[in-house]
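Student: Could you show me how to read the surroundings of a ligand and the overall build of a protein from a model?
Tutor: Let us look at the structure together and take the ligand site before the whole chain.

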Amino acid sequence: MKTQVVIIGGGPSGLLLSQLLATRGIDSIVLERKTKDYVLGRIRAGVLEQGLVRLLEEAGCADRLHAEGYVHDGTLISYGDEMFRIDFTEHTGTPVIVYGQTEVTRDLYAAREAGDGKIEFEVEDVVIHDADTEAPFVTYTREGEPRRIDCDFVAGCDGFHGVSRQSIPRDVRREYEKVYPFGWLGILSETPPVNHELIYANSERGFALCSMRNATLSRYYIQCSLSDKPEDWTDDAFWQELKRRIPADQAETLVTGPSIEKSIAPLRSFVTEPMRWGRLFLCGDAAHIVPPTGAKGLNTAASDVHYLYTGLRDYYETGATDGIDSYSEKALKRVWKTERFSWWFSSMMHRYPDQSAFDIKMQLADLEFLRSNKAAQKAMAENYVGLPY
Ligand code: APR
Ligand code: PHB
């Protein structure tokens, strides 16, 4: 087989790139190791930056998110019983859209299928060959049958545990990592959200987040120990702990109910450089990971996809190579800024096992400064709604 771009990974990064390329008549084949149902079953965050919304509009996949998504002009931040609001629209003129990123993935699959996009599921043994030549190719097996695709370019959109990053020689790659000493225990419940906006809560018992998917589906998280397992937490224990971590007036109105999903996610900051090697380009979680404080995972994958899509578009339409040649440098400039924001927001909102009394005082001073200083709020808002591409 031959195609212009082989995309490894059928998550939101790979699907968005494939769909955008298709709008310019650029042919791609997506190779996904799991089934579509498995990919759609992945738990994902629920906040979209405007940059991602615009890309989905360009890809022709934004109708449902505009119909069902919620425009959020701000977010709430609490510490103990204190709570204040960051007004995104006042400071930036831009809101965010609350819409499940799983729904984004579903919309992208629907668009690829409607456009007869080529997606191969349950592939195995994917190997990238000759990425540092003019004629890369990818081999893999499907149903035991060996396959080969010759291509012009390979997009590694296969997430943190994929093969693409590992295909860049170890002596070329520089990796940066921070592992956080706690996880997020999250539940989904068919209950009305406790507030019409998100609440990020710092409490002496640890972090909590009150989010939502729609008016009758809520998403809640509490910081938990890395040794915890979901089954260690009954629903009642979860609700009691959440109530202890959010302001009392919010806890009083919290509607609890049975969890329909319960899982624990570890927190990590990670970046690999460069994000390009020859004709292999890394996008999304294949190249970087952020802690979920601020929901920057998919929103940073989106800017990677934007840079790569526009670079490949220009290459195929005009022969220009400056877009693809500057991809890694441009993508990493924004990646590091979102890594910093996610790390800063996580540092301010979580309780760390080794924190001293002074450290906690610094955290509370950070929160008080953010609460009282318009410039600090503007900086927070600009990062939260999404820095420019
Ligand atoms: N061969 C083929 N597919 C693979 C391979 C492989 N060797 N390894 C991984 N994959 C597939 C996975 O099964 C997965 O569906 O690649 C896909 C990668 O998808 P994600 O892990 O969701 O990564 P990405 O598409 O970059 O999404 C980025 O979306 O919702 C957010 O928080 C989420 O930060 C994440 C972001
Ligand atoms: C979510 O709704 O799942 C969510 C929202 C904001 C975050 C993380 C997760 O920062």
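**Reading a ligand shell**

Tutor: This is a predicted model, and the residues of the shell around ligand 2 divide into nine nonpolar, four polar and two charged.

Student: How many residues surround ligand 2, and which are the closest?

Tutor: A shell is read by proximity: the shell of ligand 2 holds 15 residues, and the closest are Y200, S211, R213, Y221 and P292.

Student: Which polar side-chain atom lies 2.6 Å from an oxygen atom of ligand 2?

Tutor: Polar contacts are judged from pairs of N or O atoms within 3.5 Å. Here a polar side-chain atom of Y221 is placed 2.6 Å from a ligand 2 oxygen, while an N or O atom in the side chain of Y200 is 2.8 Å from an oxygen atom of ligand 2, and G294 contributes a backbone N or O atom at 2.9 Å from an oxygen of the ligand. Of the 280 Å² of accessible area that ligand 2 has on its own, the protein covers 99%.

Student: Which elements give two or more residues to the shell around ligand 2?

Tutor: They are strand 15 (208–214) and strand 16 (217–224), and strand 15 supplies the largest share, three residues. At the level of domains, domain 1 (5–72 + 96–177 + 269–345) and domain 2 (179–267 + 351–385) each give at least three residues to this shell.

Student: What does the secondary structure of the protein come to?

Tutor: It comes to 13 helices and 20 strands. The radius of gyration is 21 Å, close to the 21 Å that the globule rule gives for 389 residues, so the protein is as compact as a globular protein of that length. Buried residues account for 55% of the 389 residues.

Methods
Residues are numbered from 1 along each chain as its sequence is written. Chains are lettered from A and ligands numbered from 1 in the order in which they are written. This is a predicted model: local features need pLDDT of at least 70, side-chain atom pairs count only at pLDDT 80 or more; totals for chains, interfaces and linings use all residues. Side-chain values use heavy atoms; hydrogens and water are left out. A residue is near a molecule or strand if one of its heavy atoms lies within 4 Å of it. A polar contact is a pair of N or O atoms within 3.5 Å; within protein, one must be able to donate a hydrogen and the other to accept it, and residues adjacent in sequence count only if both atoms are side-chain atoms. Accessible areas come from the Shrake-Rupley method with a 1.4 Å probe; for residues, only the protein chains shown count as cover. Helices (H or I, at least four residues) and strands (E, at least two) are DSSP runs, numbered from the N terminus. Ala, Val, Leu, Ile, Met, Phe, Trp, Tyr, Cys and Pro count as nonpolar, Asp, Glu, Lys and Arg as charged, and the others, Gly among them, as polar. Domain bounds come from an automatic or database domain assignment. The radius of gyration is taken over C-alpha atoms; the globule rule is 2.2 Å times the number of residues to the power 0.38. Buried means under 20% relative accessible area, exposed over 50%, partly exposed in between (1.4 Å probe, protein chains only).
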